[in-house]
Amino acid sequence: MGRFMNRWNTQQAINNSDQYPLAIQTGRVTGVGETEEGFPCLLLMAEGRRIEIPYYEAITLPANLEDEGHSLARRYLSKMIGAEIDYIITEDRVHIARASRKAAMRVRQQQEMLGRGEKGFILKNGQIVDARVIVVMKDTAILEVAGVETVVPKEQFSWRSVRNLYHLLKTGMTIPVKLIELSAHSITVSPREAIPSAFDTYSQMFPEGTRCVGTVTGIIPYRYFVTLQPELVCLCKLHDDLVDHPPAMDGQVQIIITVQDAENKRLYGTIISVK
C-alpha cells in the first residue's frame, strides 16, 4: 500500500466497523490544494498538522458533471473555504494526514439521524435544529444537518424577498432550521420556518381592505415587493391608473391589502398611489 490509504481501503474501514472506533474531528476549511497524486483536496490545520481531504472523500459531484473532473472539483471545493466540517483521519503521519469527510458524515448520520438498532428516525419532522452553512451561492445554499447535505433555495431563508444570498449568509455560519421532511439519505429543511414570522406578528394590523403606506424593496415583472414593517412584505400589483407612472425602487407607495394568505404567511395587495 502506498503512502496513504486508497479509496477502497478507506471505505472498507468504515463499512467493516460495527462500532464507532474512528474518532470524528471537526475543523474549518482553510484552503484548497492538491494531494501528491494530483487530486484536488480540502486543506485544514489541526495541532500543527496539514489535513488533506481529497475531493472524492469530501464531496459528491453530480453524475452529469463528473467528466469535468478536477477543474470542477477545485471550483466546488473553493466555495467551501471557511466551512466547518467533520472528518475522520484515515492515514496519519507526523506533519500531514489524509482524512475523509464522507466517512464522518456517514457516522454522524447513523448516530444523530437514524440511530442504531432503533425503529424510525431520531430526528423528527417539525424539530428545530442547527445547520452548518457549507456553500453559499446567489440563489441557493448547501446546508449540512446530522451528516446530510441539503440544497436550500433562497426563498426558504426569509419571510421577505431575498435578492442575493451572499447578503444574508456566510460560509461557516451555523443557523437554526426546521426539519420539513426526512428520508433515509436526505433532509428537507426551512430556515425561515425556524424563526418567528412577521406575518404572525403584524397580520392583525393589516386586514383585507386596509390602506397603508410602505416602501418598494423589490421589483419583478408586473409585481412589486412593498415592505410594511420589518420583515413584513406585501406582494403588490400595480393599479391600472399607474401603468405609465410605476414606482421606483425604494420609493414610498400607498397600497390596499387585498388578500391575507394565512397558510403561506403572505400578504397581497395593489399599489394605488405613488408618493
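## Salt bridges, strands and pockets

Glu52 is a buried residue, with a relative accessible area of 5%. That value comes from a predicted model, as does everything else below.

Glu52 has a charged partner: Arg50 forms a salt bridge with it, and the closest N and O atoms sit 3.0 Å apart. Arg50 itself counts as partly exposed, at 30% relative accessibility. So the pair joins a partly exposed arginine to a glutamate that is buried, since 5% falls under the 20% cut-off.

Salt bridges turn up elsewhere too, and a search of the whole structure finds 16 of them. Here are three, with the separation of the closest N and O atoms.

| Salt bridge | Closest N and O atoms |
|---|---|
| Arg28 with Glu84 | 3.8 Å |
| Arg50 with Glu52 | 3.0 Å |
| Asp86 with Arg108 | 3.0 Å |

Which parts of the chain does the Arg28 and Glu84 pair link? Arg28 belongs to strand 1 (residues 24–28) and Glu84 to strand 5 (residues 84–92), so these are distant parts of the chain, 56 residues apart. Both ends of this bridge are partly exposed: Arg28 has a relative accessible area of 41%, and Glu84 has 26%.

Now for the bridge between Asp86 and Arg108. Asp86 lies in strand 5 and Arg108 in helix 3, so this pair ties together parts that are 22 residues apart in sequence. Are its two residues buried or exposed? Asp86 is buried, and Arg108 is buried as well. There's also a wider web here: salt bridges with shared partners join Arg28, Glu84, Asp86, Arg101, Arg108, Glu112, Arg132, Glu144 and Glu149 into one network.

Two members of that network, Arg101 and Glu149, show up again in the lining of the second largest pocket. This pocket holds about 300 Å³ of space. Its lining is made up of Ala58, Ile59, Thr60, Arg101, Lys102, Met105, Arg106, Gln109, Gly147, Val148, Glu149 and His185. Two elements give two or more residues each, namely helix 3 (101–114) and strand 9 (148–153). Helix 3 provides the largest share, with five residues. By class, the lining splits into four nonpolar, four polar and four charged residues.

What about the largest pocket? About 410 Å³ of space lies in it. It is lined by 21 residues, and the closest to its centre are Trp159, Arg160, Ser161, Val162 and Phe225. Strand 12 (211–220), strand 14 (232–238) and strand 16 (266–274) are the elements that give two or more residues to this lining. The lining residues divide into 10 nonpolar, four polar and seven charged.

Strand 12 is worth following a bit further, into its pairings. How does strand 12 pair with strand 15? The sense is antiparallel, over five bridges, with strand 15 covering residues 252–261. Within this pairing, Arg211 has Ile256 in strand 15 as its bridge partner.

Strand 12 also pairs with strand 13 (residues 223–229), again in the antiparallel sense and over five bridges. Here Gly218 has Phe225 in strand 13 as its bridge partner, and Phe225 is one of the residues closest to the centre of the largest pocket. Strand 12 and strand 13 form a hairpin with two residues between them. In the turn, Tyr222 has a positive phi of about 70 degrees.

Definitions and conventions
Residues are numbered from 1 along each chain as its sequence is written. This is a predicted model: local features need pLDDT of at least 70, side-chain atom pairs count only at pLDDT 80 or more; totals for chains, interfaces and linings use all residues. Side-chain values use heavy atoms; hydrogens and water are left out. On a 1 Å grid over the protein atoms alone, a cavity is a set of points where a 1.4 Å probe fits but cannot get out, and a pocket is an open set with protein on both sides within 12 Å along at least five of seven lines; lining residues have an atom within 4 Å of a point. Grid points are joined across faces, edges and corners, and a volume is the space filled by probe spheres set on the points. Helices (H or I, at least four residues) and strands (E, at least two) are DSSP runs, numbered from the N terminus. Ala, Val, Leu, Ile, Met, Phe, Trp, Tyr, Cys and Pro count as nonpolar, Asp, Glu, Lys and Arg as charged, and the others, Gly among them, as polar. A salt bridge is a side-chain nitrogen of Lys or Arg within 4 Å of a carboxyl oxygen of Asp or Glu. Buried means under 20% relative accessible area, exposed over 50%, partly exposed in between (1.4 Å probe, protein chains only). Two strands pair if DSSP finds at least two bridges between them.
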